[in-house]
Amino acid sequence: MTKQTITVIPGDGIGPSIIEATIKVLDKAGCDFNYEFADAGLTALEKHGELVPQETMDLIEKNRITLKGPLTTPVGEGFTSINVTLRKQFKLYANLRPVLSFKGTKARYENIDILTVRENTQGMYSGVGQVVSEDGTQAEAMSIITRDGAEKILTFAYETARKEGRKKVTAVHKANILKSTSGLFLKIAREVAARYPDIESTEMIVDNCCMQLVMNPEQFDVIVTTNLFGDILSDLCAGLVGGLGMAPGANIGEDCAIFEAVHGSAPDIAGKNLANPTSVILAALQMLEYLEMSDKAEKIRAALIDVIASGDRTTRDLGGTHGTTDFTDALLDRL
Ligand SMILES: NC(=O)c1ccc[n+]([C@@H]2O[C@H](COP(=O)([O-])OP(=O)(O)OC[C@H]3O[C@@H](n4cnc5c(N)ncnc54)[C@H](O)[C@@H]3O)[C@@H](O)[C@H]2O)c1
């Protein structure tokens with residue numbers, strides 16, 4: 001069998017250290033991948049004069065599977081978000097962000113298992129019609145929802161729910177106020193829900209959803225929503241299971257996928273051996289499941305659960321006193 005080649009983008013800030021940890025874990029678990037490395041973000045800007053060099057785009061295109069560290073998008077005019085660019089270029093329409101309680105974290109809840117399915121290319125992040133008036137007194141942006149886009153993400157959410165044996169899908173919207181965009185999304189949510197009688201379908205307005213997630217998160221199973229709401233709700237969900245160090249994300253298209261941590265490049269702790277690599281390791285587990293290597297994913301997940309529950313060499317955000325390398329060694333010891 002030919003070896004699977006993965007494009008690896010170490011990224012900026014804490015990116016290279018948590019990606020290095022993840023590759024050690026994948027190798028120790030016997031995944032036997034080839035890795036081809038590429039630059040993006042601030043690192044690429046400094047080395048090649050652009051945020052996403054053509055060689056990086058070509059490698060993503062060629063290998064179709066990418067493991068990516070967080071990227072810093074420089075603040076200021078002229079720089080569009082690299083993540084938004086990649087999602088659009090490779091038509092990665094679905095963003096899957098699972099959160100799961102791990103014993104031993106400082107999380108407020110113990111029984112969370114929520115999958116947020118976020119539409120990844122439309123809505124307020126379409127990047128269309130961003131205008132600030134010449135006198136700087138008015139700003140505009142356009143939100144676009146299409147029937148095709150909504151139907152695709154909703155169907156994806158229900159199909160994923162079926163595949164993972166999940167029981168309930170909640171469509172989150174703001175159709176009472178955003179009558180055109182959220183209204184269309186909700187209309188299609190109801191149509192798609194009718195095709196899946198085996199799964200319980202509910203709908204919820206986004207502001208109520210935020211409150212419910214904080215007060216009674218155990219009621220949620222799969223949340224499916226538009227781009228901006230999904231971005232915000234999935235960070236809220238990360239907070240329920242111990243913070244951004246515990247939250248992975250998969251960007252999925254028709255035949256291309258990019259796996260990453262939900263968090264950013266954490267410049268405040270970069271270069272200090274303090275980052276928790278769990279998010280990007282969990283993203284790698286999503287990648288293994290995508291590649292139908294669930295046995296390897298389960299092996300690594302079991303090791304992670306054990307390290308975090310026992311508190312053996314855990315990082316500060318998990319209540320420990322150790323750094324990225326010690327935490328990784330604790331995982332490697334178990335594998
Ligand atoms: N997917 C991505 O590439 C992505 C996502 C979000 C933000 N960003 C970029 O990252 C940069 C920094 O953004 P920010 O500071 O708002 O958010 P951030 O997610 O980088 O950091 C927020 C807080 O969480 C902590 N944190 C994040 N990841 C951690 C980890 N693995 N272990 C321990 N603590 C962790 C940080 O120390 C910080 O206190 C910005 O340039 C932003 O554009 C990139």
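Which residues does isoleucine 19 touch, leaving out those up to four places away in sequence? In this predicted model, the list is Val8, Pro10, Leu67, Gly69 and Val280. Isoleucine 19 sits in helix H1, which covers residues 15–28. Its surroundings hold 26 C-beta neighbours inside 10 Å, and 20 or more is what it takes to be buried, so isoleucine 19 goes down as buried. There is also a long-range pairing in sequence terms: isoleucine 19 and proline 277 are 258 residues apart along the chain, yet their C-alpha atoms are separated by 7.6 Å.

Alanine 40 tells a related story from a loop, the one that runs between strand E2 (34–37) and helix H2 (42–48). Alanine 40 is buried, because 29 other C-beta atoms lie within 10 Å. With neighbours within four places in sequence set aside, the contacts of alanine 40 are Ile9, Gly11, Leu51, Val52, Thr56, Leu71 and Ile82. As for methionine 293, it is 253 residues away from alanine 40 along the chain, and here the C-alpha separation comes to 27 Å.

Next come the helix pairs. Two packed helices are described by the angle between their axes and the distance between the axes. Helix H9 (residues 278–290) and helix H10 (residues 294–310) have axes that come within 8 Å and cross at roughly 160°. The cut-off for roughly antiparallel is an angle over 145 degrees, so H9 is roughly antiparallel to H10. The crossing of H9 past H10 is left-handed. On the H9 side the contact is built from Thr278, Ile281, Leu285, Leu288 and Glu289, and on the H10 side from Ser294, Lys296, Ala297, Ile300, Arg301 and Leu304. Sorted by character, the residues of this H9 and H10 contact come out as 6 nonpolar, 2 polar and 3 charged.

Helix H7 (residues 206–215) and helix H8 (residues 227–240) make another pair, with axes that come within 10 Å and cross at roughly 10°. Angles under 35 degrees count as roughly parallel, which means that H7 is roughly parallel to H8. H7 brings Val206, Cys209, Cys210 and Leu213 to the contact, and H8 brings Phe229, Leu233, Leu236, Cys237 and Leu240. The split for H7 with H8 is 9 nonpolar, no polar and no charged.

Then there is helix H5 (residues 147–163) with H6, where the axes come within 9 Å and cross at roughly 45°. That angle makes H5 oblique to H6, and the crossing of the two is right-handed. In H5, the residues involved are Arg147, Ala150, Glu151, Leu154, Thr155 and Tyr158, and they meet Leu184, Phe185, Ile188, Ala189 and Val192 in H6. By character, the contact of H5 with H6 has 8 nonpolar, 1 polar and 2 charged residues.

Just ahead of H6 in the chain is serine 180, placed in the loop between strand E8 (168–173) and helix H6 (181–194). Serine 180 has 10 C-beta neighbours inside 10 Å, and since 12 or fewer counts as exposed, that is its label. Serine 180 and valine 224 are 44 residues apart in sequence, and from C-alpha to C-alpha they are 18 Å apart in space.

On to the backbone and the ligand. Most residues other than glycine have a negative phi. Lysine 91, which is not a glycine, has a positive phi of about 50°. Its place is the loop between helix H4 (82–89) and strand E4 (94–100). Lysine 91 is partly exposed, because 13 other C-beta atoms lie within 10 Å.

Alanine 266 also has a positive phi, near 45°, in a residue other than glycine. The loop that holds alanine 266 runs between strand E12 (257–261) and H9. With 21 C-beta neighbours inside 10 Å, alanine 266 counts as buried. Alanine 266 turns up again at the ligand: 20 residues are around the ligand, and those that come nearest are Pro70, His263, Gly264, Ala266 and Asn276. The shell around the ligand divides into 8 nonpolar, 9 polar and 3 charged residues.

Technical notes. Residues numbered from 1 in each chain as written. Predicted model: local features only at pLDDT ≥ 70, side-chain atom pairs only at ≥ 80, totals over all residues. Axes fitted to C-alpha atoms, helices over the stretch in contact; angles between N-to-C directions. Helix = DSSP H or I, 4+ residues; strand = E, 2+ residues; numbered from the N terminus. Parallel < 35°, antiparallel > 145°, perpendicular 65-115°, else oblique. Left-handed = near helix turned anticlockwise from the far one by under 90°. Contact = placed C-beta atoms within 7 Å. Nonpolar A, V, L, I, M, F, W, Y, C, P; charged D, E, K, R; others polar. Near = placed C-beta within 6 Å.
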